[in-house]
Structures are given as C-alpha cells and as structure tokens.
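Let's take a friendly walk through a protein model and look at the spaces enclosed inside it. Keep the structure open beside you as you read.

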Amino acid sequence: MILDKITEKVLHMIDGERFKQEGAFNLRENGIAVCHGDSEHVKIRKKEDKQGIDIYIDKNTNGETVHIPVVVSASGMTDVVYNDFYIEDGANVNIIAGCGIHNSGCNDARHDGIHTFHIGKDAIVHYEEKHYGEGEGTGARILNPVTDIYVGENSVFTMDTVQIEGVDSTKRETDITMEAGSRLTVTEKLMTHDRQEAVSNMKVIMDGDGSSAQIISRSVAKGESIQTFHPRAIGKTACHAHIQCDSIIMNDAQVRSIPEIDARNVDAQIIHEAAIGRINSEQLLKLETFGLNEEEAEGVIIENFLN
C-alpha cells in the first residue's frame, strides 16, 4: 500500500525502527486497519465484537519485531481501539506501537488505545510506545492510552514510553500484575509545553515470590503545562521494587510526583525516590562558554536529561 506524506511523516516520528510493510504488522489510520501482514510465528486477527486486533505470538518467536502503529489525521475524530496480545511460553518478541495525531482542523482529534498483554512463562517482551502530535489546526490532540499487563512466571517485560512533542492532553492508565520470578522495567519520558496537560497513573502488583520491578520516570515541564505522575507499587510477597521520578520544571509549569509504596509482606522491599528542580544556572554558564546561547544550552541539558 502506498502511504501519503502526512502518514509517512507521522510514522517516522513514532516508529524508531521505521515502519515497513513486512513481516507481522498492522497500520491503523483514522479508525480503519488499512494494511496488515502475518509472519510465520506471529498472526494478527481482526476482532469480531469491537474495534481492534488480536495478536498471537507463538513460543517459537525469537527476536522478531511486530509493528502496530496508529495514525489519526482527521480533525474531529475520536478513535477507540482494543488490542490484545497473546504471548506463549518462551517467546522472545519486540513490539513497537505508538500513535501520532496530525490535526489541521478546529475540532479535537483523539485516540484511546486499550492494550492488554497476556504473557506466558519464561517469555521476553520489549514494548515500545511513542506518542506524538502535530498540525497547524486549533483543535486539540488528545491521547488516552490504557495498558493492562499480566506477566507470567519468570518472564521479562520491558516497556519504554515516550511523549515529547505536540500532545495537548493525555491521561495514561497502566496496570501490571506480576507472577513469581518475573521482572519488569518501565521507562517513561515526557515533555510538555504551553498549556498541555499530562497524567500518568501506574499500578504494579507483585503477586509472586521473587518478582522485581524498576520504574523510571523522567519529565520536563515548560510554559504553563501541568504534569502528574502517580506510580504505585504493591508488594504482596517476597519481592523488590524501585521507583524513581525526576523532573525539570521551567517557566510557570506545575509538576506533581506522587510515588506510592504499599508493602503487604514482611519480605517486600520497595524503594521510592522523587526529585523536581530547575536547570542549574552553573550548567547553563558552562555550556555558554562553549559558544551556545541560553536557549541552545537549555536544549542540550534537556536532551541529555531525557536520554
């Protein structure tokens, strides 16, 4: 299928490995699955009862990448989609999702993606999700993802989420349940500006002995934007979790970081750290001695902080 220039540009921003119509993939555009493909070990099937797809990843999948991006370019559209991932015992897979909104009109454009992961035993899953907004219109670009993850025994789940430009409003809800010996790493990167608002609520339930979780949030708030990050770690067994939230605040922005730890077992070890601060003036001065102006120096600091 030949893609138009707007779609190609948005895909370039949300798919770091470059979307290709090869192997297992599904491209959703303005509420419709416009193209998809299967591979030997990954099958994608359209849901019959509601909008969305079921992705079946068999036990012989070894390092394969599945691309399932979403593009919204119609002003006034609200797109809701339900995607379920069924990952068999022992599978090793990379999943690249994400949504980009191009809004050139005066009405809001919105995408709500509800993703559910059913992960078997001894599996390795890397999930990458990028959110991006653009367009010269006055209508808002709104993204409200919901992610439910069930991590089986001794499985490893890594989630990287990025939102660094153009999204006016977002509310992210993430619920994760972990079985014995499973490991979780979540890295969230966020930048807001102007009057943008972002809320991220995350609940991790460590339900099995030896499970462990690391949650890292790094954010930059500019202009009059507002951010709220509320990660919650619940330890029901002998487990370990570490939550780290670091934010840079600029201009007239507001940042709320609310790490919550909930130990329900004497052998649950849960740690949280949170820091909010401005860019150090000494850092700016040092970079300015290399010939950068203040804006350029801020850009270098922010880029290194988020990366």
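The largest cavity in this predicted model holds about 170 Å³ of space. How many cavities of 30 Å³ or more does the structure hold? There are two of them, and the second largest has a volume of about 90 Å³. Here they are side by side.

| Cavity | Volume | Lining residues | Nearest the centre | Classes in the lining |
|---|---|---|---|---|
| Largest | about 170 Å³ | 20 residues | E188, L190, A198, S200 and F229 | six nonpolar, 10 polar, four charged |
| Second largest | about 90 Å³ | 15 residues | C99, H111, G113, H115 and E129 | seven nonpolar, seven polar, one charged |

**The largest cavity**

Try finding E188, L190, A198, S200 and F229, the lining residues that lie nearest the centre of the largest cavity. Several strands help to build the lining: β14 (156-163), β15 (169-178), β16 (183-192), β17 (197-206), β18 (212-221), β19 (226-235) and β21 (254-257) each give two or more residues to the largest cavity.

Now zoom in on E188, which is found in strand β16. Is E188 buried or exposed? Its relative accessibility is 7%; buried means under 20%, so E188 counts as buried. The side chain of E188 makes a polar contact with the side chain of S200, at 2.9 Å. Leaving aside residues up to four places away in sequence, E188 touches T161, R172, S200, I216, S217, R218 and F229.

**The second largest cavity**

C99, H111, G113, H115 and E129 are the lining residues nearest the centre of the second largest cavity. Two or more residues of this lining come from each of β7 (78-87), β10 (109-119) and β11. Which of these elements gives the largest share? That is β10, with three residues.

**A helix with a buried face**

Finally, turn to helix α1, which spans residues 5-14. Within α1, T7, V10, L11 and I14 are buried. Look down the axis of α1 and you will see that its buried residues fall within an arc of 100 degrees, so they line one face of the helix. What do the buried residues of α1 pack against? Their partners are β1 (25-29), β6 (70-72), β8 (92-96), β9 (99-102) and β11 (124-134). At the N-terminal end, α1 is capped by D4, which has a side-chain oxygen 3.2 Å from the backbone nitrogen of I6.

Note on methods
Residues numbered from 1 in each chain as written. Predicted model: local features only at pLDDT ≥ 70, side-chain atom pairs only at ≥ 80, totals over all residues. Heavy atoms only, no water. Buried < 20%, exposed > 50% of the residue type's maximum accessible area, 1.4 Å probe, protein only. Helix = DSSP H or I, 4+ residues; strand = E, 2+ residues; numbered from the N terminus. Arc of directions from axis to C-beta. Contact = heavy atoms within 4.5 Å. Polar contact = N/O pair within 3.5 Å; in protein donor to acceptor, adjacent residues only side chain to side chain. 1 Å grid on protein atoms, 1.4 Å probe; cavity = no way out; pocket = protein on both sides within 12 Å on 5 of 7 lines; lining within 4 Å. Points joined across faces, edges and corners; volume = space filled by probe spheres on them. Nonpolar A, V, L, I, M, F, W, Y, C, P; charged D, E, K, R; others polar.
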